[in-house]
Amino acid sequence: MIRGALWEAAQGMRWLHDDQLYKGEYRTFEECIEQRYGCSRHYAYALIAAAEMWERGVPIDNARQAAALFTVLDERAEKVSQILARWD
């Protein structure tokens, strides 16, 4: 499971994104992470996915694994939503 510095980075990136803490200094989240942290957009969103997976109780070891799992879960959630919408 992710711990320590990776967990802190994942939570920090999520707060920065979700609470829009970059506003005022940067126009976009992507601009902020690239200029301030030297971080790629892809890696930043992988960290955010890691934080979300951890909170869902999914055992993960790294940000790359979290991003892959998050994509699969989102795709399944969308398919389930479409099926349920047909029943209404």
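Helices α2 and α3 cross at roughly 105°, and their axes come within 9 Å. That angle makes α2 roughly perpendicular to α3, because angles from 65 to 115 degrees fall in that class. Keep in mind that you're looking at a predicted model. The protein chain has 4 helices and 0 strands, so let's go through how those helices meet.

**Where α2 meets α3**

- On the α2 side, the residues in this contact are Phe29, Glu30, Ile33 and Glu34.
- On the α3 side, they meet Arg41, Ala44, Tyr45 and Ile48.
- Sort these residues by class and you get 5 nonpolar, no polar and 3 charged.

**The chain as a whole**

- Reading from the N terminus, the elements go α-α-α-α.
- The protein chain has 88 residues, and 31% of them are buried.
- Its accessible surface adds up to about 6200 Å², with 51% of that belonging to carbon and sulfur atoms.
- Take the contacts between residues at least 6 apart in sequence: 39% of them join residues at least 24 apart.

**Where α1 meets α2**

- Helix α1 covers residues 4-18 and helix α2 covers residues 29-37.
- Their axes come within 10 Å and cross at roughly 135°.
- That makes α1 oblique to α2, because 135° is not over the 145 degrees that would count as roughly antiparallel, and it lies outside the 65 to 115 range for roughly perpendicular.
- The crossing of α1 past α2 is right-handed.
- From α1, the contact uses Met13, Leu16 and His17.
- From α2, it uses Phe29, Cys32, Ile33 and Tyr37.
- By class, this contact of α1 with α2 has 6 nonpolar residues, 1 polar residue and no charged ones.

**Where α1 meets α3**

- The axes of α1 and α3 are 8 Å apart, and the two helices pack at an angle of about 105°.
- α1 and α3 are therefore roughly perpendicular to each other.
- α1 brings Leu6, Trp7, Ala9, Ala10, Gln11, Met13, Arg14 and His17 to this contact.
- α3 brings Tyr43, Ala44, Tyr45, Leu47, Ile48, Ala50, Ala51, Glu52, Trp54 and Glu55.
- The class count for α1 with α3 is 13 nonpolar, 2 polar and 3 charged residues.

**A look inside α2**

- Which residues of α2 are buried? They are Phe29, Glu31, Cys32 and Ile33.
- What covers them includes α1 and α3, the latter being residues 41-55.
- Just after α2 comes Gly38, and its phi is positive, near 65°.

**Ile33, a residue to find in the viewer**

- Ile33 sits in helix α2.
- Is Ile33 buried or exposed? Ile33 is buried, because its relative accessible area is 0%, and buried means under 20%.
- Leaving out neighbours within four places in sequence, Ile33 is in contact with Met13, Leu16, Gly38, Cys39, Ser40, Arg41 and Ala44.
- Ala44 is 11 residues from Ile33 along the chain, and their C-alpha atoms are separated by 7.4 Å.
- Ile33 also turns up in two of the helix contacts above: α2 with α3, and α1 with α2.

**Gln11, on the α1 side**

- You'll find Gln11 in helix α1.
- Gln11 counts as buried because its relative accessibility is 10%, and the cut-off for buried is under 20%.
- Setting aside neighbours within four places in sequence, Gln11 is in contact with Ala51 and Glu55.
- Both of those partners are among the α3 residues listed for the contact with α1.
- Why can Ala51 and Glu55 face the same way? An α-helix has 3.6 residues a turn, so residues three or four places apart point the same way.

**Leu69, over in α4**

- Leu69 belongs to helix α4, which covers residues 63-87.
- Is Leu69 buried, partly exposed or exposed? Leu69 counts as partly exposed, because its relative accessibility is 30%, between the 20% and 50% limits.
- Not counting residues up to four places away in sequence, Leu69 touches Met53, Val58 and Ile60.
- Met53 is 16 residues from Leu69 in sequence, and their C-alpha atoms are 7.9 Å apart in space.

Methods: Residues numbered from 1 in each chain as written. Predicted model: local features only at pLDDT ≥ 70, side-chain atom pairs only at ≥ 80, totals over all residues. Heavy atoms only, no water. Buried < 20%, exposed > 50% of the residue type's maximum accessible area, 1.4 Å probe, protein only. Contact = heavy atoms within 4.5 Å. Areas by Shrake-Rupley, 256 points an atom, 1.4 Å probe, with all protein chains shown as cover. Axes fitted to C-alpha atoms, helices over the stretch in contact; angles between N-to-C directions. Parallel < 35°, antiparallel > 145°, perpendicular 65-115°, else oblique. Left-handed = near helix turned anticlockwise from the far one by under 90°. Nonpolar A, V, L, I, M, F, W, Y, C, P; charged D, E, K, R; others polar.
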